[in-house]
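Work through the following exercises with the sequence and the structure side by side. Try each task on your own before you read its solution.

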Amino acid sequence: MSDELQDRAGVPVLVCDPHGPPVATEADALDLIGAAFVGAEVVAVPASRLDPAFFALGTRFAGEIMQKFVNYRLRLAIVGDISAHLAASAALRALVHESNRGGHVWFVPDLAALDDRLRATA
């Protein structure tokens with residue numbers, strides 16, 4: 001599967017291939033943002049594609065990436081199991097909790113949960 005634009009709960013979502021290139025730099029995130037300009041409102045990135053630095057908040061990588069998506073008015077969904085990262089960091093648990101309360105960046109376990117979030121915000 002390659003990255004593809006899908007209609008999910010009535011919202012155009014760029015669903016990124018789990019086997020695609022890693023997101024390890026700001027330039028990688030900008031590539032996803034550019035790919036979203038085909039009409040996506042949300043970019044769903046598998047957690048497995050994110051560099052481990054994303055989950056180590058001291059690197060500030062997560063904040064930089066999340067801010068890029070906000071600046072371009074795109075919602076970002078991190079999709080997948082991040083429980084190991086959450087168990088290792090209270091700060092990450094707080095970030096995920098606060099992000100999931102908002103409307104710009106969500107952490108969801110799977111695409112079905114993303115669909116539920118999209119329906120709830122419609």
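**Exercise 1. Compare the expected span of helix H4 (residues 90-101) with the distance between its end C-alpha atoms.**

Helix H4 has 12 residues, and at 1.5 Å a residue it should span 16 Å, where the expected span is 1.5 Å times one less than the number of residues. The end C-alpha atoms of H4 are 17 Å apart, which agrees. Helices (H or I, at least four residues) and strands (E, at least two) are DSSP runs, numbered from the N terminus. The model is a predicted one, in which local features need pLDDT of at least 70 and side-chain atom pairs count only at pLDDT 80 or more, while totals for chains, interfaces and linings use all residues. Residues are numbered from 1 along each chain as its sequence is written, and side-chain values use heavy atoms, with hydrogens and water left out.

**Exercise 2. Find which residues of H4 are buried, and what covers them.**

Buried means under 20% relative accessible area, exposed over 50%, and partly exposed in between, with a 1.4 Å probe and protein chains only. In H4 the residues Leu92, Val96 and Ser99 are buried. Seen down the axis of H4, its buried residues fall within an arc of 70 degrees, so they line one face of the helix; the arc is that of the directions from the helix axis to the C-beta atoms. An α-helix has 3.6 residues a turn, so residues three or four places apart point the same way. The cover over the buried residues of H4 includes helix H2 (61-71), helix H3 (83-88) and strand E5 (105-108), with contact meaning heavy atoms within 4.5 Å.

**Exercise 3. Describe the surroundings of strand E5.**

Both faces of E5 are covered, since Val105 and Phe107 on one side and Trp106 and Val108 on the other are all buried. Strand E4 (residues 75-79) pairs with E5 in the parallel sense over 4 bridges, and two strands pair if DSSP finds at least two bridges between them. Within E5, Trp106 is the bridge partner of Ala77.

**Exercise 4. Classify the ring pair of Phe54 and Phe61.**

Rings of Phe, Tyr and Trp (its six-membered ring) pair if their centres lie within 6.5 Å; planes under 30 degrees apart count as stacked, over 60 as edge-to-face and the rest as tilted. By this rule there are 3 aromatic pairs. The ring centres of Phe54 and Phe61 are 6.3 Å apart and their planes stand at 90 degrees, so the pair is edge-to-face. Phe54, at 0% relative accessibility, counts as buried, and Phe61 counts as buried at 7%.
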